[in-house]
Structures are given as C-alpha cells and as structure tokens.
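Work through the following exercises with the model open beside you. Each one sets a task and is followed by a solution in steps.

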Amino acid sequence: MKNGLRVLGLDDGPFNRNSDTKTVMVGVLMRLNSYVEGISTGTITVDGMDSTETIMSMLNGRFSKDIDFIMSNGITFGGFNIMDIPMINRLSGIPIISITRKKPDMDSMFSALKLHFSDYMQRTELLKNTSINKIEFSGKTVYANCCGISVNDALYLIKKTTIMGNIPEPVRMAHLIATAIVSGESYGKT
C-alpha cells in the first residue's frame with residue numbers, strides 16, 4: 001500500500017442524552033503519512049437511525065473520488081445510532097475498518113436495545129452483521145470490524161496510521177474536531 005492512499009476517519013461529537021436530539025459527525029480525510037486533505041461534517045440523530053445516511057452523504061461529497069478506506073471509532077454513533085457497515089461497503093465499494101479500544105459487550109448491547117428501542121430487532125441485526133477481530137500491534141490491542149478488507153490489510157493500515165496510543169490518527173483527529181465543534185473549544189485531549 002502506498003503513502004498516497006487516503007483514509008476517511010469518522011467519529012461523532014459528545015452529546016447529552018437528556019437534552020440533545022442531534023450531534024455532529026466529522027470525517028477527516030488523511031493520507032497514510034498523516035497529511036490532512038479535508039474535513040467533512042454532518043449531523044446525526046441521538047439514538048436515531050441516520051448515521052449510515054450521513055456517512056453515505058460524506059462519501060458522495062467533494063472527496064468522493066479520493067477515499068480509499070474508511071476508519072471509524074466503533075459502529076455506534078450518537079448513542080445507539082448504528083451504521084450499517086455492509087451496506088456502506090456495498091454501495092460505495094470502499095473498505096471499512098471500525099475500531100474500538102475495548103472488546104464490545106454484545107450481550108449488554110442487545111439487552112439495552114431490547115429494553116429501550118421498539119425497533120430493537122432491526123438494530124440488533126445491524127450489530128449481528130459485524131464481526132469482531134482482536135488486532136495486536138506493538139504491544140497494543142484494538143478490536144476491529146472489517147468489511148471489504150482482510151484483517152491483515154486492516155492491521156497494516158492501523159499500524160501505518162497510528163502515531164501514538166492505539167487509535168489511528170484519522171479517527172483521533174475526527175474525535176478532536178467533533179469534540180471542539182460541540183464544546184466550542186479550540187483544543188482537546190483524547
């Protein structure tokens with residue numbers, strides 16, 4: 001893989017479940033050498049079902065021909081707004097790697113969905129359409145869902161884009177920017 005390849009890192013902004021109905025979603029388009037080429041923003045509904053639509057809108061935006069891979073901070077945004085990884089990959093043809101630091105507790109997620117959402121079956125199916133892979137590199141561990149990309153290629157991309165810690169730089173930058181947008185601050189810490 002060449003350094004000129006571009007990754008769209010995705011993350012959502014913080015929100016207050018008791019008062020916020022929307023939050024921001026940020027996409028940072030970055031080359032493997034950490035050069036930022038662009039930023040895209042959208043909004044998603046807290047606990048809604050529109051993250052997939054928002055992501056597809058970003059993919060079809062002005063950087064549509066430049067995105068080689070997608071990396072995200074998990075598959076749920078704005079609470080339980082679950083992105084449909086297979087659908088995004090199928091419609092865009094772009095490989096996706098969703099990364100978390102901790103192994104997701106799927107049983108707890110299924111229980112919470114059943115308790116709080118009338119459409120829990122649809123949301124549960126989105127979660128069941130993913131697979132969790134433990135990825136270890138340089139003494140670090142992350143858990144990743146991969147769609148349209150092998151675990152070995154995902155490991156390469158994660159290693160290539162992680163500068164410090166265990167979160168790839170495109171995702172880390174998206175997190176910082178989303179947090180700054182919501183809080184109105186010009187700095188942040190992940």
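Two residues are said to be in contact, or to touch, when heavy atoms of theirs lie within 4.5 Å. The model used throughout is a predicted one.

**Exercise 1. The overall form of the chain**

Task: Find how many helices and strands the chain has, and decide whether its radius of gyration agrees or disagrees with that of a compact globule.

Solution: Begin with the secondary structure, where six helices and nine strands can be found in the chain. Next, consider the length: for 190 residues, a compact globule would have a radius of gyration near 16 Å, and because the chain has 16 Å, the two agree. Measured out along the principal axes, the C-alpha atoms fill a box of roughly 45 × 35 × 35 Å. Then turn to the contacts between residues at least 6 apart in sequence, of which 64% join residues at least 24 apart.

**Exercise 2. Surface and charge**

Task: State what share of the residues is buried, and describe the exposed area and the charged side chains.

Solution: A residue is called buried when its relative accessible area is under 20%, and 48% of the 190 residues fall into that class. The chain exposes about 9,500 Å², and 49% of this area is supplied by carbon and sulfur atoms. As for charge, there are 20 positive and 18 negative side chains, and the centres of these two sets lie 6 Å apart.

**Exercise 3. The nonpolar cores**

Task: Work out which residues of the largest nonpolar core touch the most other members, and which element gives the largest share of that core.

Solution: In soluble globular proteins, nonpolar side chains tend to be buried together. The largest such core here has 28 residues, and those that touch the most other members are Ile55, Leu59, Ile67, Ile70, Met83, Ile88 and Leu127. Two or more residues are given to this core by each of β1 (6–12), β2 (22–31), α1 (51–59), α2 (85–92), α3 (106–116) and α4 (120–128). The largest share, four residues, comes from α1.

Now take Leu127 as an example and set aside residues up to four places away in sequence: Leu127 then touches Ile75, Ile82, Met106, Met109, Phe110 and Leu113. Finally, notice that there is a second, separate core of 18 residues, which includes Leu32, Val142, Cys146 and Leu157.

**Exercise 4. Two residues with positive phi**

Task: Locate Ser34 and Asp47, and decide for each whether it is buried or partly exposed.

Solution: Ser34 lies in the loop between β2 and β3 (36–45), and its phi is positive, about 75°, although it is not a glycine. Because its relative accessibility is 25%, Ser34 counts as partly exposed. Asp47 is found in the loop between β3 and α1, and its phi, near 60°, is likewise a positive value in a residue other than glycine. With a relative accessible area of 17%, Asp47 is buried.

**Exercise 5. Sequence distance and distance in space**

Task: For Ala154, Pro95 and Val182, find the surroundings of each residue, and give the separation in space between Pro95 and Ala154.

Solution: Start with Ala154, which is found in helix α5 (residues 151–161) and is buried, with a relative accessible area of 0%. Not counting residues up to four places away in sequence, Ala154 touches Ile97, Ile135, Cys146 and Ile149.

Continue with Pro95, which lies in the loop between α2 and β7 (96–100) and is buried, with a relative accessible area of 12%. Although Pro95 and Ala154 are 59 residues apart in sequence, their C-alpha atoms are 9.3 Å apart in space. With residues up to four places away again left out, the contacts of Pro95 include Asp68, Asn89, Cys147 and Ile149.

End with Val182, which lies in helix α6 (residues 169–183) and counts as partly exposed at 40% relative accessibility. Its C-alpha atom is separated by 35 Å from that of Asn152, and these two residues are 30 apart along the chain. Leaving aside neighbours within four places in sequence, Val182 is in contact with Gly13, Pro14, Thr23 and Val24.

Terms used:
Residues are numbered from 1 along each chain as its sequence is written. This is a predicted model: local features need pLDDT of at least 70, side-chain atom pairs count only at pLDDT 80 or more; totals for chains, interfaces and linings use all residues. Side-chain values use heavy atoms; hydrogens and water are left out. The radius of gyration is taken over C-alpha atoms; the globule rule is 2.2 Å times the number of residues to the power 0.38. Buried means under 20% relative accessible area, exposed over 50%, partly exposed in between (1.4 Å probe, protein chains only). Accessible areas come from the Shrake-Rupley method with a 1.4 Å probe; for residues, only the protein chains shown count as cover. Lys and Arg count as positive and Asp and Glu as negative; His and the chain ends are not counted. The place of a charge is taken as NZ of Lys, CZ of Arg, CG of Asp or CD of Glu. A nonpolar core is a set of buried Ala, Val, Leu, Ile, Met, Phe, Trp, Tyr and Cys residues joined through side-chain atoms within 4.5 Å.
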